[in-house]
Amino acid sequence: MPRIVDLRHLYSGLYPDRRTSWVYLVIHHTGGGEMSHERLNEIVKQRWADKEQTIKYPGIPYHYGIHQDGSIEQYHNWDEVTWHAERWNFESVGIVLYGNFIEGASPTKHQLDSLTWLTESLEHDTRGHKELVATECPGKWWDEWKLTLV
């Protein structure tokens, strides 16, 4: 069983909306290589600042992150509605895999093992980001490697 590093003291409370239930686990990728959660937070905030949004992104929008070594970090409580899947935010918990899987790379075996454990533990319908929103995330081979989660 993977260990979950609890980082909610750093990120919980940044998003104002709450919910009492959710339907989906939405899988994402960072679009970059291995990095710290602090660096991911900076990238997310900068990406949205560059888009001239009327609302500023408060920080990491995922509830969990899974590093390439399989370690899991928790950033938000389940009841927090974070901004990771557009109109599906109120109905989903976001899980991000550290890496870029657009060009055909796949998550590491450690990541997939931890993702399998986490999705089984949370017991909700698992979808790739691109199954809900027009995007390439979580990558080119999602349809193949998602089969390893069952």
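Buried means under 20% relative accessible area, exposed means over 50%, and partly exposed lies in between, using a 1.4 Å probe and protein chains only. The model on screen is predicted: local features need pLDDT of at least 70, side-chain atom pairs count only at pLDDT 80 or more, and totals for chains, interfaces and linings use all residues. Residues are numbered from 1 along each chain as its sequence is written, and side-chain values use heavy atoms, with hydrogens and water left out.

**Stop 1: the sheet**

Show the cartoon. Helices (H or I, at least four residues) and strands (E, at least two) are DSSP runs, numbered from the N terminus. Two strands pair if DSSP finds at least two bridges between them. Look for an open sheet of six strands in the order 1-4-3-5-2-6, with mixed pairing. Select strand 1 (4-6) and strand 6 (125-128): they stand at the edges, each with a single partner strand, so one side of each has no neighbour in the sheet. On average, neighbouring strands of this sheet are turned by 25° against each other, direction ignored. For such angles, axes are lines fitted to C-alpha atoms, for helices over the stretch in contact, and angles run from 0 to 180 degrees between N-to-C directions.

**Stop 2: strand 5 and its partners**

Select residues 92-97, which are strand 5. Are the residues on its two faces buried or exposed? Ser92, Gly94 and Val96 on one side are all buried, and so are Val93, Ile95 and Leu97 on the other. In a regular strand the side chains alternate between the two faces of the sheet.

Now add strand 2 (residues 24-29), which runs parallel to strand 5 and is joined to it by six bridges. Leu25 has Val93 as its bridge partner in strand 5. Next add strand 3 (residues 64-66), which pairs with strand 5 in the parallel sense over three bridges. Here Tyr64 stands opposite Ile95. Go back to strand 2 and add strand 6: these two pair in the parallel sense over four bridges. Val26 stands opposite Arg127 in strand 6.

**Stop 3: the helix across the sheet**

Select residues 109-122, which form helix 3. This helix lies across strand 1, strand 2, strand 3, strand 4, strand 5 and strand 6, and runs at about 155° to strand 3. After it, select Glu123, in the loop between helix 3 and strand 6. Glu123 has a positive phi of about 50° although it is not a glycine. This residue, Glu123, is exposed, with a relative accessible area of 64%.

**Stop 4: aromatic pairs**

Show the side chains of Phe, Tyr and Trp. Rings of these residues (for Trp, the six-membered ring) pair if their centres lie within 6.5 Å; planes under 30 degrees apart count as stacked, over 60 as edge-to-face and the rest as tilted. How many aromatic pairs does the structure hold? There are six aromatic pairs. One of them is Tyr11 with Tyr75, edge-to-face at 5.7 Å centre to centre, with 90° between the planes. Tyr11 lies in helix 1 (residues 8-11) and Tyr75 in the loop between strand 4 (72-74) and strand 5, so the pair ties together parts that are 64 residues apart in sequence. Tyr11 counts as buried at 5% relative accessibility, and Tyr75 counts as buried at 0%.

Move to Tyr15 and Trp83, an edge-to-face pair at 5.0 Å centre to centre, with 90° between the planes. Because Tyr15 is in the loop between helix 1 and strand 2 and Trp83 in the loop between strand 4 and strand 5, the pair ties together parts that are 68 residues apart in sequence. Tyr15 counts as buried at 0% relative accessibility, whereas Trp83 is partly exposed at 22%.

Then select Phe101, Trp142 and Trp145, which ring pairs link into a cluster.

**Stop 5: the loop between strand 4 and strand 5**

Select Glu80, which is found in this loop. Glu80 counts as buried at 1% relative accessibility. Not counting residues up to four places away in sequence, Glu80 touches (heavy atoms within 4.5 Å) nine residues' worth of neighbours to click through, among them Tyr11, Tyr15, Arg18 and His63. Glu86 lies in the same loop, between strand 4 and strand 5. Glu86 has a positive phi of about 50° although it is not a glycine, and counts as exposed at 60% relative accessibility.

**Stop 6: a cis bond**

Select Cys137 and Pro138: the peptide bond from Cys137 to Pro138 is cis, with omega near 10°. Pro138 is in the loop between helix 4 (129-132) and helix 5. Most residues other than glycine have a negative phi, and most peptide bonds are trans.
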